[in-house]
Amino acid sequence: MDQDPTTENQETTAVAVHEVDSNYTKHDIKLPHEGKRTGLVIGIIVAVLVLIFGGTTLWFCLWYSNSDQVAYDAMNNLFKAENVGFEGGITVMNPNEDDALKMVLIAFDSSSSGLPNATSAKIQFVFNEDKVEGEPRVLIEVKNVVMRDGVIYLQIGGMMDSINSLELDDVTREGMGIFLDTIEVIDNEWWQISIPDLIETMELPAEQSNAMTEVYNCAVQAMNSDMSGEMATIYKQNRFVEVKPSKYLGPEGDSVAPEITSGHKAYELIINKAKLASFANHLPETEAAEEFFACYNQAAKKYGGDTIDVDDIDEIDEDDVEWPDTESVRIFLEISQWDHRLRSAHIYSYDDGEDIGGGMILFKYDQVEVTAPESYRPITDLFDELAEIFSQVFMVPAESYEEM
(Lines give C-alpha, C1' and ligand atoms only; values in the text may rest on other atoms or scores of the structure.)
Protein backbone atom coordinates (compact mmCIF):
# COMPACT_ATOMS: atom_id res chain seq x y z
CA MET A 1 0.00 0.00 0.00
CA ASP A 2 1.37 3.22 -1.01
CA GLN A 3 1.99 5.82 1.69
CA ASP A 4 0.48 9.29 1.64
CA PRO A 5 3.36 11.63 0.85
CA THR A 6 1.79 14.35 3.00
CA THR A 7 2.11 12.23 6.15
CA GLU A 8 5.29 10.35 5.49
CA ASN A 9 7.79 10.70 8.35
CA GLN A 10 5.72 13.51 9.96
CA GLU A 11 7.02 12.66 13.43
CA THR A 12 10.65 12.90 12.45
CA THR A 13 10.55 15.90 10.11
CA ALA A 14 12.12 19.10 11.63
CA VAL A 15 11.04 22.64 10.70
CA ALA A 16 13.78 24.39 8.73
CA VAL A 17 14.66 27.84 10.11
CA HIS A 18 16.01 30.47 7.69
CA GLU A 19 18.20 33.12 9.29
CA VAL A 20 18.29 36.53 7.61
CA ASP A 21 21.73 37.89 7.06
CA SER A 22 21.54 41.68 7.43
CA ASN A 23 24.36 42.04 4.96
CA TYR A 24 22.21 40.54 2.28
CA THR A 25 18.83 41.89 3.21
CA LYS A 26 18.19 43.08 -0.30
CA HIS A 27 18.36 39.50 -1.43
CA ASP A 28 16.43 37.97 1.44
CA ILE A 29 13.50 40.42 1.70
CA LYS A 30 11.20 40.48 -1.23
CA LEU A 31 8.75 43.38 -1.67
CA PRO A 32 5.88 42.18 -3.75
CA HIS A 33 3.92 44.74 -5.83
CA GLU A 34 6.65 47.42 -5.47
CA GLY A 35 5.00 49.60 -8.09
CA LYS A 36 1.78 49.85 -6.10
CA ARG A 37 3.65 50.79 -2.90
CA THR A 38 5.53 53.60 -4.72
CA GLY A 39 2.26 54.92 -6.12
CA LEU A 40 0.78 55.01 -2.62
CA VAL A 41 3.73 57.01 -1.26
CA ILE A 42 3.53 59.49 -4.14
CA GLY A 43 -0.19 59.80 -3.58
CA ILE A 44 0.33 60.65 0.09
CA ILE A 45 2.95 63.28 -0.78
CA VAL A 46 0.66 64.85 -3.37
CA ALA A 47 -2.20 64.92 -0.88
CA VAL A 48 -0.03 66.62 1.74
CA LEU A 49 1.15 69.22 -0.81
CA VAL A 50 -2.44 69.87 -1.85
CA LEU A 51 -3.42 70.39 1.77
CA ILE A 52 -0.45 72.70 2.38
CA PHE A 53 -0.87 74.85 -0.72
CA GLY A 54 -4.62 74.64 -0.61
CA GLY A 55 -4.60 75.78 3.00
CA THR A 56 -2.12 78.53 2.17
CA THR A 57 -4.32 79.71 -0.70
CA LEU A 58 -7.38 79.65 1.53
CA TRP A 59 -5.50 81.59 4.25
CA PHE A 60 -4.20 84.11 1.70
CA CYS A 61 -7.62 84.66 0.13
CA LEU A 62 -9.86 84.64 3.18
CA TRP A 63 -7.68 86.30 5.83
CA TYR A 64 -4.35 87.73 4.69
CA SER A 65 -5.77 89.42 1.57
CA ASN A 66 -9.00 90.73 3.06
CA SER A 67 -9.26 94.53 3.06
CA ASP A 68 -9.20 94.99 6.84
CA GLN A 69 -6.00 92.99 7.19
CA VAL A 70 -4.35 94.76 4.25
CA ALA A 71 -5.15 98.18 5.73
CA TYR A 72 -3.90 97.22 9.18
CA ASP A 73 -0.66 95.67 7.90
CA ALA A 74 0.09 98.64 5.64
CA MET A 75 -0.27 101.15 8.48
CA ASN A 76 1.52 98.90 10.98
CA ASN A 77 4.45 98.54 8.57
CA LEU A 78 4.46 102.31 8.07
CA PHE A 79 4.63 103.01 11.80
CA LYS A 80 7.26 100.37 12.53
CA ALA A 81 9.57 101.12 9.58
CA GLU A 82 13.06 102.24 10.61
CA ASN A 83 12.76 105.12 8.16
CA VAL A 84 10.01 106.55 5.98
CA GLY A 85 10.68 109.19 3.36
CA PHE A 86 8.48 110.35 0.55
CA GLU A 87 8.46 112.24 -2.70
CA GLY A 88 5.79 113.30 -5.11
CA GLY A 89 3.88 116.19 -6.55
CA ILE A 90 0.60 118.11 -6.38
CA THR A 91 -1.24 119.97 -9.11
CA VAL A 92 -3.78 122.67 -8.22
CA MET A 93 -5.90 123.95 -11.09
CA ASN A 94 -7.58 127.36 -11.08
CA PRO A 95 -11.20 126.74 -12.09
CA ASN A 96 -11.62 130.39 -13.11
CA GLU A 97 -10.42 130.52 -16.71
CA ASP A 98 -10.54 134.33 -16.73
CA ASP A 99 -7.68 134.60 -14.22
CA ALA A 100 -4.07 134.99 -15.32
CA LEU A 101 -2.97 132.12 -13.10
CA LYS A 102 -3.72 128.76 -14.70
CA MET A 103 -2.30 126.28 -12.20
CA VAL A 104 0.24 125.71 -9.44
CA LEU A 105 2.63 122.75 -9.57
CA ILE A 106 4.33 121.54 -6.39
CA ALA A 107 7.06 118.89 -6.30
CA PHE A 108 8.36 117.77 -2.91
CA ASP A 109 10.82 115.36 -1.32
CA SER A 110 11.56 114.37 2.27
CA SER A 111 14.37 112.05 3.30
CA SER A 112 13.17 110.66 6.61
CA SER A 113 10.48 110.53 9.28
CA GLY A 114 12.86 111.56 12.08
CA LEU A 115 15.97 113.63 12.67
CA PRO A 116 18.16 114.42 10.87
CA ASN A 117 15.85 115.23 7.98
CA ALA A 118 16.18 117.01 4.65
CA THR A 119 13.16 118.29 2.72
CA SER A 120 12.76 120.24 -0.48
CA ALA A 121 9.90 121.67 -2.49
CA LYS A 122 9.61 123.31 -5.88
CA ILE A 123 6.64 125.57 -6.50
CA GLN A 124 5.87 126.63 -10.06
CA PHE A 125 3.16 129.06 -11.14
CA VAL A 126 1.80 128.47 -14.64
CA PHE A 127 -0.04 131.30 -16.38
CA ASN A 128 -2.56 131.52 -19.19
CA GLU A 129 -0.51 132.75 -22.15
CA ASP A 130 -3.28 135.00 -23.45
CA LYS A 131 -3.72 136.68 -20.06
CA VAL A 132 -0.13 137.78 -19.40
CA GLU A 133 2.59 139.64 -21.20
CA GLY A 134 5.91 138.04 -22.00
CA GLU A 135 6.84 134.58 -20.79
CA PRO A 136 6.80 134.65 -16.99
CA ARG A 137 8.45 131.70 -15.34
CA VAL A 138 7.85 131.75 -11.61
CA LEU A 139 9.66 128.85 -9.98
CA ILE A 140 10.57 128.94 -6.27
CA GLU A 141 12.63 126.24 -4.56
CA VAL A 142 12.68 125.79 -0.80
CA LYS A 143 15.21 123.50 0.92
CA ASN A 144 15.29 122.67 4.59
CA VAL A 145 17.68 120.57 6.67
CA VAL A 146 17.11 119.84 10.37
CA MET A 147 19.96 118.18 12.23
CA ARG A 148 19.68 115.94 15.28
CA ASP A 149 20.61 118.81 17.61
CA GLY A 150 17.69 120.86 16.27
CA VAL A 151 19.76 123.30 14.21
CA ILE A 152 17.92 124.30 11.02
CA TYR A 153 19.37 125.20 7.63
CA LEU A 154 17.03 126.99 5.22
CA GLN A 155 17.44 128.06 1.61
CA ILE A 156 14.92 129.84 -0.62
CA GLY A 157 16.01 130.10 -4.24
CA GLY A 158 14.76 131.30 -7.60
CA MET A 159 12.96 134.38 -6.30
CA MET A 160 14.92 137.01 -8.21
CA ASP A 161 14.90 134.94 -11.42
CA SER A 162 11.13 134.61 -11.09
CA ILE A 163 10.65 138.34 -10.56
CA ASN A 164 12.91 139.18 -13.50
CA SER A 165 10.85 136.88 -15.77
CA LEU A 166 7.81 139.07 -15.11
CA GLU A 167 9.47 141.90 -17.09
CA LEU A 168 8.39 144.65 -14.70
CA ASP A 169 8.64 148.23 -15.88
CA ASP A 170 10.98 150.71 -14.22
CA VAL A 171 8.20 152.47 -12.29
CA THR A 172 7.01 149.21 -10.74
CA ARG A 173 10.53 148.17 -9.88
CA GLU A 174 11.21 151.47 -8.21
CA GLY A 175 8.06 151.14 -6.13
CA MET A 176 9.16 147.67 -5.03
CA GLY A 177 12.66 148.82 -4.15
CA ILE A 178 12.82 147.80 -0.47
CA PHE A 179 11.00 144.55 -1.24
CA LEU A 180 13.43 143.64 -4.03
CA ASP A 181 16.43 144.53 -1.87
CA THR A 182 15.16 142.19 0.83
CA ILE A 183 14.53 139.36 -1.64
CA GLU A 184 17.98 139.76 -3.14
CA VAL A 185 19.63 139.34 0.27
CA ILE A 186 17.67 136.17 1.08
CA ASP A 187 17.68 134.54 -2.36
CA ASN A 188 19.75 131.36 -2.92
CA GLU A 189 21.60 131.67 0.39
CA TRP A 190 21.78 128.92 3.01
CA TRP A 191 20.81 130.35 6.40
CA GLN A 192 21.58 128.61 9.68
CA ILE A 193 18.90 128.96 12.35
CA SER A 194 20.12 128.01 15.83
CA ILE A 195 17.57 128.74 18.53
CA PRO A 196 20.16 128.86 21.35
CA ASP A 197 22.20 131.37 19.32
CA LEU A 198 19.12 133.48 18.69
CA ILE A 199 18.23 133.45 22.38
CA GLU A 200 21.76 134.56 23.18
CA THR A 201 21.66 137.47 20.71
CA MET A 202 18.38 138.70 22.24
CA GLU A 203 20.34 139.62 25.39
CA LEU A 204 17.46 138.72 27.69
CA PRO A 205 17.76 138.48 31.48
CA ALA A 206 19.70 135.33 32.39
CA GLU A 207 16.73 133.60 34.04
CA GLN A 208 14.47 134.14 31.02
CA SER A 209 17.19 133.09 28.59
CA ASN A 210 17.91 129.91 30.54
CA ALA A 211 14.21 129.04 30.71
CA MET A 212 13.78 129.36 26.93
CA THR A 213 16.92 127.30 26.31
CA GLU A 214 15.79 124.48 28.60
CA VAL A 215 12.32 124.34 27.00
CA TYR A 216 13.95 124.22 23.57
CA ASN A 217 16.13 121.31 24.70
CA CYS A 218 12.98 119.50 25.85
CA ALA A 219 11.50 119.94 22.37
CA VAL A 220 14.66 118.63 20.66
CA GLN A 221 14.68 115.62 22.95
CA ALA A 222 11.05 114.90 22.00
CA MET A 223 11.82 115.22 18.28
CA ASN A 224 14.54 112.61 18.63
CA SER A 225 12.27 110.14 20.46
CA ASP A 226 11.33 106.89 18.75
CA MET A 227 7.54 106.66 18.96
CA SER A 228 7.09 104.01 16.28
CA GLY A 229 6.31 101.15 18.66
CA GLU A 230 3.83 103.15 20.72
CA MET A 231 2.20 104.59 17.61
CA ALA A 232 1.72 101.09 16.26
CA THR A 233 0.17 99.96 19.55
CA ILE A 234 -2.25 102.89 19.64
CA TYR A 235 -3.17 102.32 16.01
CA LYS A 236 -3.89 98.64 16.68
CA GLN A 237 -6.62 99.79 19.06
CA ASN A 238 -7.85 102.59 16.77
CA ARG A 239 -7.67 101.42 13.16
CA PHE A 240 -8.86 104.59 11.49
CA VAL A 241 -7.62 103.60 8.00
CA GLU A 242 -10.02 101.47 5.99
CA VAL A 243 -9.72 100.43 2.36
CA LYS A 244 -11.83 98.87 -0.34
CA PRO A 245 -10.41 97.08 -3.40
CA SER A 246 -10.17 99.03 -6.64
CA LYS A 247 -9.32 98.03 -10.19
CA TYR A 248 -7.38 101.25 -10.74
CA LEU A 249 -5.22 103.78 -8.89
CA GLY A 250 -7.90 106.34 -9.54
CA PRO A 251 -11.60 106.72 -10.30
CA GLU A 252 -12.81 104.17 -12.83
CA GLY A 253 -12.56 105.56 -16.31
CA ASP A 254 -10.00 108.23 -15.37
CA SER A 255 -7.54 108.31 -18.25
CA VAL A 256 -4.67 109.71 -16.16
CA ALA A 257 -4.71 106.99 -13.51
CA PRO A 258 -1.22 105.40 -13.39
CA GLU A 259 -0.59 101.72 -13.92
CA ILE A 260 -0.44 99.45 -10.88
CA THR A 261 3.08 98.21 -10.15
CA SER A 262 3.60 94.47 -10.59
CA GLY A 263 3.04 92.59 -7.31
CA HIS A 264 0.78 95.32 -5.94
CA LYS A 265 -2.96 95.99 -5.71
CA ALA A 266 -5.02 99.17 -5.67
CA TYR A 267 -7.36 100.23 -2.87
CA GLU A 268 -9.46 103.31 -2.18
CA LEU A 269 -8.85 104.97 1.18
CA ILE A 270 -11.64 105.51 3.69
CA ILE A 271 -11.03 107.35 6.99
CA ASN A 272 -12.98 106.42 10.10
CA LYS A 273 -13.26 109.81 11.81
CA ALA A 274 -14.28 108.43 15.20
CA LYS A 275 -11.26 106.12 15.36
CA LEU A 276 -8.95 108.87 14.07
CA ALA A 277 -10.15 111.15 16.87
CA SER A 278 -9.56 108.38 19.40
CA PHE A 279 -6.08 107.80 17.97
CA ALA A 280 -5.24 111.51 18.36
CA ASN A 281 -6.60 111.57 21.92
CA HIS A 282 -4.20 108.80 22.95
CA LEU A 283 -1.05 110.50 21.62
CA PRO A 284 -0.49 112.65 24.74
CA GLU A 285 -0.31 109.39 26.70
CA THR A 286 2.77 108.12 24.85
CA GLU A 287 6.06 107.83 26.67
CA ALA A 288 7.65 110.47 24.42
CA ALA A 289 4.85 112.95 25.16
CA GLU A 290 4.99 112.26 28.89
CA GLU A 291 8.78 112.78 28.89
CA PHE A 292 8.34 116.13 27.12
CA PHE A 293 5.66 117.27 29.57
CA ALA A 294 7.83 116.22 32.52
CA CYS A 295 10.84 118.04 31.06
CA TYR A 296 8.79 121.16 30.30
CA ASN A 297 7.13 121.19 33.71
CA GLN A 298 10.49 120.86 35.43
CA ALA A 299 11.73 123.97 33.61
CA ALA A 300 8.44 125.79 34.26
CA LYS A 301 8.60 125.11 38.00
CA LYS A 302 12.25 126.12 38.09
CA TYR A 303 11.61 129.50 36.47
CA GLY A 304 8.08 130.21 37.66
CA GLY A 305 6.17 129.38 34.46
CA ASP A 306 2.85 127.61 33.92
CA THR A 307 2.97 123.81 33.92
CA ILE A 308 1.13 121.43 31.57
CA ASP A 309 -1.35 118.87 32.89
CA VAL A 310 -2.25 116.14 30.39
CA ASP A 311 -5.72 115.92 31.92
CA ASP A 312 -6.34 119.54 30.92
CA ILE A 313 -5.84 118.79 27.22
CA ASP A 314 -9.26 118.78 25.55
CA GLU A 315 -10.15 115.60 23.70
CA ILE A 316 -11.67 115.72 20.23
CA ASP A 317 -14.46 113.70 18.66
CA GLU A 318 -15.28 112.77 15.10
CA ASP A 319 -17.05 116.12 14.50
CA ASP A 320 -13.74 117.89 15.12
CA VAL A 321 -11.91 115.86 12.47
CA GLU A 322 -11.61 117.84 9.25
CA TRP A 323 -11.53 115.26 6.48
CA PRO A 324 -13.00 115.91 3.01
CA ASP A 325 -15.85 113.76 1.73
CA THR A 326 -15.43 111.52 -1.30
CA GLU A 327 -17.26 114.04 -3.50
CA SER A 328 -14.40 116.54 -3.10
CA VAL A 329 -11.36 114.29 -2.54
CA ARG A 330 -10.67 110.64 -3.34
CA ILE A 331 -7.44 108.87 -2.38
CA PHE A 332 -6.18 105.58 -3.79
CA LEU A 333 -3.39 103.48 -2.27
CA GLU A 334 -0.95 101.08 -3.91
CA ILE A 335 -0.08 98.23 -1.53
CA SER A 336 2.13 95.19 -2.15
CA GLN A 337 0.34 91.83 -2.21
CA TRP A 338 2.70 89.79 -0.04
CA ASP A 339 4.19 92.03 2.64
CA HIS A 340 1.41 94.68 2.53
CA ARG A 341 3.79 97.62 2.30
CA LEU A 342 2.36 100.95 1.22
CA ARG A 343 4.10 102.05 -1.98
CA SER A 344 2.16 105.11 -3.16
CA ALA A 345 -0.89 107.28 -2.60
CA HIS A 346 -2.82 109.04 -5.39
CA ILE A 347 -5.04 112.04 -4.70
CA TYR A 348 -7.89 113.36 -6.86
CA SER A 349 -9.63 116.64 -6.00
CA TYR A 350 -12.98 117.90 -7.32
CA ASP A 351 -15.13 121.01 -7.15
CA ASP A 352 -18.78 120.49 -8.06
CA GLY A 353 -17.75 117.36 -9.92
CA GLU A 354 -15.02 119.16 -11.87
CA ASP A 355 -11.45 117.93 -11.61
CA ILE A 356 -9.41 120.75 -10.05
CA GLY A 357 -6.21 118.95 -9.13
CA GLY A 358 -4.52 115.98 -7.59
CA GLY A 359 -1.23 114.54 -6.55
CA MET A 360 0.93 111.52 -5.96
CA ILE A 361 3.08 110.49 -2.99
CA LEU A 362 5.72 107.76 -3.32
CA PHE A 363 6.90 106.27 -0.02
CA LYS A 364 10.60 105.40 0.45
CA TYR A 365 11.96 103.13 3.16
CA ASP A 366 15.72 103.29 2.60
CA GLN A 367 17.98 105.08 5.06
CA VAL A 368 19.47 108.29 3.66
CA GLU A 369 22.49 110.15 5.02
CA VAL A 370 21.65 113.76 5.83
CA THR A 371 24.40 116.36 6.19
CA ALA A 372 24.42 120.09 6.77
CA PRO A 373 25.31 122.32 3.80
CA GLU A 374 29.01 123.09 3.50
CA SER A 375 28.49 126.82 3.12
CA TYR A 376 25.95 128.85 5.09
CA ARG A 377 25.46 132.07 7.03
CA PRO A 378 23.92 132.50 10.49
CA ILE A 379 20.42 133.98 10.47
CA THR A 380 21.71 136.82 12.63
CA ASP A 381 23.63 138.08 9.57
CA LEU A 382 20.32 138.34 7.73
CA PHE A 383 18.80 140.36 10.55
CA ASP A 384 21.77 142.73 10.44
CA GLU A 385 21.49 143.23 6.66
CA LEU A 386 17.74 143.77 6.79
CA ALA A 387 18.19 146.25 9.61
CA GLU A 388 20.65 148.14 7.42
CA ILE A 389 18.24 148.16 4.47
CA PHE A 390 15.31 149.45 6.52
CA SER A 391 17.43 152.03 8.29
CA GLN A 392 18.48 153.51 4.94
CA VAL A 393 14.91 153.64 3.64
CA PHE A 394 13.31 155.13 6.72
CA MET A 395 16.43 157.00 7.90
CA VAL A 396 16.42 155.11 11.21
CA PRO A 397 19.72 153.97 12.75
CA ALA A 398 20.31 150.25 12.31
CA GLU A 399 21.01 149.96 16.04
CA SER A 400 17.36 150.68 16.73
CA TYR A 401 16.26 147.55 14.88
CA GLU A 402 18.90 145.46 16.56
CA GLU A 403 17.51 146.43 19.95
CA MET A 404 13.95 145.44 19.04
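Is Lys 236 buried or exposed? Lys 236 counts as exposed, at 52% relative accessibility. That number, like the others in these legends, comes from a predicted model.

**Figure 1. A positive patch that takes in Lys 236.** Four residues make up this positive surface patch: Lys 80, Lys 236, Arg 239 and Lys 275. If you want to find your way in, start from helix H9, residues 228–237, which is where Lys 236 lies. Its relative accessibility of 52% sits just on the exposed side, because exposed means over 50%.

**Figure 2. A negative patch with Asp 311 among its members.** Here the charge is the other sign: Glu 285, Glu 287, Glu 290, Glu 291, Asp 309, Asp 311, Asp 312, Asp 314 and Glu 315 together form a negative surface patch. Asp 311 is found in the loop that runs between helix H11 (287–303) and strand S9 (329–336). With a relative accessible area of 69%, Asp 311 is exposed.

**Figure 3. The open sheet, strand by strand.** Twelve strands build an open sheet with mixed pairing, and the order reads S7-S8-S9-S10-S11-S1-S2-S3-S4-S5-S6-S12. Strand S7 (241–246) and strand S12 (377–378) are the edge strands; each has a single partner strand, so one side of each has no neighbour in the sheet. Elsewhere in that order, S8 and S9 run antiparallel and are joined by 5 bridges. To get your bearings on this pair, look for His 264, which stands opposite Ser 336 in S9.

**Figure 4. Strands S3, S4 and S5.** Strand S3 covers residues 117–127 and strand S4 covers residues 138–146; the two run antiparallel, with 9 bridges between them. Phe 125 has Val 138 of S4 as its bridge partner. On to the next pairing: S4 and strand S5 (residues 152–157) are also antiparallel, this time over 6 bridges. Val 146 is matched with Ile 152 in S5. What sits between S4 and S5? The two strands form a hairpin with 5 residues between them, and Gly 150 in the turn has a positive phi of about 90°.

**Figure 5. Asp 109 and Lys 364, a salt bridge between two strands.** The structure holds 7 salt bridges. In this one, the side chains of Asp 109 and Lys 364 meet at 3.1 Å, N to O. Asp 109 belongs to strand S2 (residues 101–110) and Lys 364 to strand S11 (residues 354–364), so the contact ties together parts that are 255 residues apart in sequence. Asp 109 is partly exposed, with a relative accessible area of 25%, and Lys 364 is partly exposed too, at 26%.

**Figure 6. Helices H8 and H11.** Glu 214 and Lys 302 form a salt bridge, with their closest N and O atoms 3.2 Å apart. Glu 214 lies in helix H8 (residues 206–223) and Lys 302 in helix H11, so the pair ties together parts that are 88 residues apart in sequence. Glu 214 is partly exposed at a relative accessible area of 26%, whereas Lys 302 is exposed at 55%. Also worth a look in H8 is Ala 219, which counts as partly exposed at 29% relative accessibility. The C-alpha atoms of Ala 219 and Tyr 296 are separated by 8.5 Å, although the two residues are 77 apart along the chain.

**Figure 7. Arg 330 and Glu 268, plus a small network.** The side chains of Arg 330 and Glu 268 meet in a salt bridge at 2.8 Å, N to O. This pair links distant parts of the chain, with Arg 330 in strand S9 and Glu 268 in strand S8 (residues 264–271), 62 residues apart. Which of the partners is buried? Glu 268 is, with a relative accessible area of 5%, while Arg 330 is partly exposed at 25%. Another spot to zoom in on holds Arg 377, Asp 381 and Glu 385, joined into one network by salt bridges that share partners.

**Figure 8. Helix H6 and the residue after its end.** Helix H6 spans residues 177–186, and its buried residues are Leu 180, Thr 182, Ile 183, Val 185 and Ile 186. Following H6 comes Asn 188, with a positive phi near 65°.

Notes
Residues numbered from 1 in each chain as written. Predicted model: local features only at pLDDT ≥ 70, side-chain atom pairs only at ≥ 80, totals over all residues. Heavy atoms only, no water. Pairing = 2+ DSSP bridges. Helix = DSSP H or I, 4+ residues; strand = E, 2+ residues; numbered from the N terminus. Patch = residues over 30% accessible without salt bridge, like charges linked within 9 Å, V, L, I, M, F, W, Y side chains within 5 Å. Areas by Shrake-Rupley, 256 points an atom, 1.4 Å probe, with all protein chains shown as cover. Lys, Arg positive; Asp, Glu negative; His and termini not counted. Charge placed at Lys NZ, Arg CZ, Asp CG, Glu CD. Buried < 20%, exposed > 50% of the residue type's maximum accessible area, 1.4 Å probe, protein only.
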